[in-house]
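Work through the exercises below with the sequence and the model open. Each task is followed by a solution in steps.

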Amino acid sequence: MFKIKTLNKIAAEGLNLMEDNYQLVDEENVDGILLRSYKMHDMDLPDTLDAVGRAGAGVNNIPIDKCSEKGVVVFNTPGANANGVKELVIAGLLLASRDIVGAVKWADTLCEKGDEVPKMVEAGKSNFAGPEIKGKTLGVIGLGAIGVLVANVAKSLGMKVLGYDPFISIDSAWNLSRSIRKSDSLEDLLAQADYVTLHVPLIDATKGMINKEKIECMKDQVRILNFSRAGLCHEDDLAEALASGKVARYVTDFPNEKTLHMSNVICIPHLGASTPESEVNCAVMAVRQLMDYMDNGNITNSVNYPACDMGVCHATGRIAVNHKNVPYMVSNITKALADKNINIADMINKSKKDWAYTLIDVESTITDDIVNELKAIEGVVKVRVIK
Ligand SMILES: NC(=O)C1=CN([C@@H]2O[C@H](COP(=O)(O)OP(=O)(O)OC[C@H]3O[C@@H](n4cnc5c(N)ncnc54)[C@H](O)[C@@H]3O)[C@@H](O)[C@H]2O)C=CC1
Ligand SMILES: O=C(O)CCC(=O)C(=O)O
């Protein structure tokens, strides 16, 4: 029986996929965790934990290095909520242009003004005028699942679109409209864009990427959309640029005390993926990936361990070894098995940066003795008997 804990609300359509060998529990010593934006950094990871399934894209709320060192495989669900985010970004583009938020707030104040309302509307509306997006230039930073969708829709709305992503995947390149222009540098994109939208993960390399220096490269009265993570923008530099009018509007899905106090900022309470469709897509994908790992040892869409698929085990036993990506691991593992007279029926060894994974089907029953031999190999961080 696998014990699974949820740290956020996960759509029932995903949770209901779990079969009888899974139990949803609210205790510490679990085999798997499912979550959305819950911050796990201060959590103690129990030794029982094998996998973490992020029903969503961003994993900056998960202590990835700590998980890797404990042999905990962290999964996310690439693309599963991209359409939900894309639709809100398009709304964000319009909110950044036309002062819809200010106008609606003002219209609310006209309540109880009786027959005067239509006259007051006509007199006051010029305070809320704003430009159309057609013909303007949108700079999309990060052309992954969301950035590509945003770029393509913006193009179809009549915008000129520039994209910047030095690590673009082949899939994203295929999916990108051919009329999107490639920027060779961030500065080149920033210099031309009337609107800038951020679709990169929050990692060390992107933290504070929109700072004073980068804002200086931008056009006057630029409008910036951040539906990725608050930490991508240096907020003090942004405050200065908003106060001077260099940045006309900042729309963010990640408000905090600072941005809530800045004028010309539109704060949305992290609603990008809050659609029934995205929530179901993410939950179903996260649960399926978690179950395939728990039941079969297969890894799909992990951010810290390599992809690996040996299907369902038809041999007598299957053993999974999570280990450091260092020389001699395969020979040490196979020697430990050979010394116990265990014959290997099938085997995969894959690596991803500093970490590696070896999945082995064997023709004998796996005993505690064998597991202990494998655990004793230097660099091995977890050994799991799948069958
Ligand atoms: N507002 C919301 O509710 C949501 C926000 N997000 C945020 O959006 C981010 C992007 O999501 P996806 O598009 O699904 O992820 P993705 O992984 O498909 O795309 C990210 C892209 O950023 C690119 N990239 C990485 N570093 C870069 C850099 N320094 N400069 C330019 N490009 C760079 C990568 O090559 C990749 O193509 C997530 O990491 C998350 O933080 C994601 C889903 C929902
Ligand atoms: O689950 C959510 O609502 C957050 C989505 C998100 O930010 C992500 O997938 O990175």
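**Exercise 1.** Decide whether N264 is buried, partly exposed or exposed, and describe its backbone.

Solution. The model is a predicted one, and the count is made on its C-beta atoms.
- Step 1: N264 has 17 other C-beta atoms within 10 Å.
- Step 2: A residue is buried at 20 or more such atoms and exposed at 12 or fewer.
- Step 3: The count for N264 falls in between, so N264 is partly exposed.
- Step 4: In the chain, N264 sits in the loop that runs between α11 (257–260) and β12 (265–267).
- Step 5: Its phi is near 65 degrees, which is positive although N264 is not a glycine.

**Exercise 2.** Apply the count to N341, D220 and A239, and place each residue in the chain.

Solution.
- Step 1: N341 has 7 other C-beta atoms within 10 Å and is therefore exposed.
- Step 2: N341 belongs to the loop between α13 (329–339) and β14 (344–352). Phi of N341 is near 65 degrees, again a positive value in a residue other than glycine.
- Step 3: D220 is exposed because it has 9 other C-beta atoms within 10 Å. The loop between α9 (212–217) and β10 (222–226) holds D220.
- Step 4: A239 has 19 other C-beta atoms within 10 Å, so it is partly exposed. Its place is in helix α10 (residues 235–244).

**Exercise 3.** Set separation in sequence beside separation in space for the pairs D220 with G245 and A239 with N301.

Solution.
- Step 1: D220 and G245 are 25 residues apart along the chain, and their C-alpha atoms are 7.6 Å apart.
- Step 2: A239 and N301 are 62 residues apart in sequence, with 37 Å between their C-alpha atoms.
- Step 3: For the chain as a whole, take the contacts between residues at least 6 apart in sequence; 65% of these join residues at least 24 apart.

**Exercise 4.** Where does the largest nonpolar core draw its largest share of residues, and what surrounds A151?

Solution.
- Step 1: The largest nonpolar core has 106 residues. Those with the most contacts inside it are A151, A193, L225, V247, A286 and L290.
- Step 2: Helix α12 (residues 276–296) gives ten residues, the largest share of this core.
- Step 3: Set aside the neighbours of A151 within four places in sequence; A151 is then in contact with V140, L143, V161, G163, L176, S177 and I180.
- Step 4: Over the protein chain, 41% of the 387 residues count as buried.

**Exercise 5.** Split the chain into domains and describe how domain 1 meets domain 3.

Solution.
- Step 1: The assignment gives domain 1 (1–81 + 273–304), domain 2 (131–267) and domain 3 (312–387).
- Step 2: The C-alpha centres of domain 1 and domain 3 are 24 Å apart.
- Step 3: Nine residues of domain 1 are in contact with twelve residues of domain 3. On the domain 1 side, these comprise one nonpolar, five polar and three charged residues.
- Step 4: An unreviewed UniProt entry lists residues 318–387 as "domain: ACT". This stretch is 27% helix and 43% strand, and its end C-alpha atoms lie 5 Å apart.
- Step 5: The whole protein chain has 14 helices and 16 strands. Its C-alpha atoms fill a box of roughly 90 × 45 × 35 Å along the principal axes.

**Exercise 6.** Which residues surround ligand 2, and which parts of the chain form the shell around ligand 1?

Solution.
- Step 1: Around ligand 2 are R36, S37, G56, A57, G58, N81, A273 and S274.
- Step 2: Sorted by class, the ligand 2 shell has two nonpolar, five polar and one charged residues.
- Step 3: Ligand 1 has 34 residues around it, of which G58, G142, G144, F167 and G272 come nearest.
- Step 4: The ligand 1 shell consists of 18 nonpolar, 13 polar and three charged residues.
- Step 5: Domain 1 (1–81 + 273–304) and domain 2 (131–267) each contribute at least three residues to the shell around ligand 1.
- Step 6: At the level of helices, α3 (82–97) and α6 (145–156) each supply at least two residues of that shell. Helix α6 gives the most, with three residues.

How values were computed
Residues are numbered from 1 along each chain as its sequence is written. Chains are lettered from A and ligands numbered from 1 in the order in which they are written. This is a predicted model: local features need pLDDT of at least 70, side-chain atom pairs count only at pLDDT 80 or more; totals for chains, interfaces and linings use all residues. A residue is near a molecule or strand if its C-beta atom, placed from the backbone, lies within 6 Å of it. Helices (H or I, at least four residues) and strands (E, at least two) are DSSP runs, numbered from the N terminus. Ala, Val, Leu, Ile, Met, Phe, Trp, Tyr, Cys and Pro count as nonpolar, Asp, Glu, Lys and Arg as charged, and the others, Gly among them, as polar. Domain bounds come from an automatic or database domain assignment. Two residues are in contact if their C-beta atoms, placed from the backbone, lie within 7 Å. UniProt positions are given in the numbering used here, feature names are shortened, and annotations may be inferred rather than shown by experiment. A nonpolar core is a set of buried Ala, Val, Leu, Ile, Met, Phe, Trp, Tyr and Cys residues joined through C-beta atoms within 7 Å.
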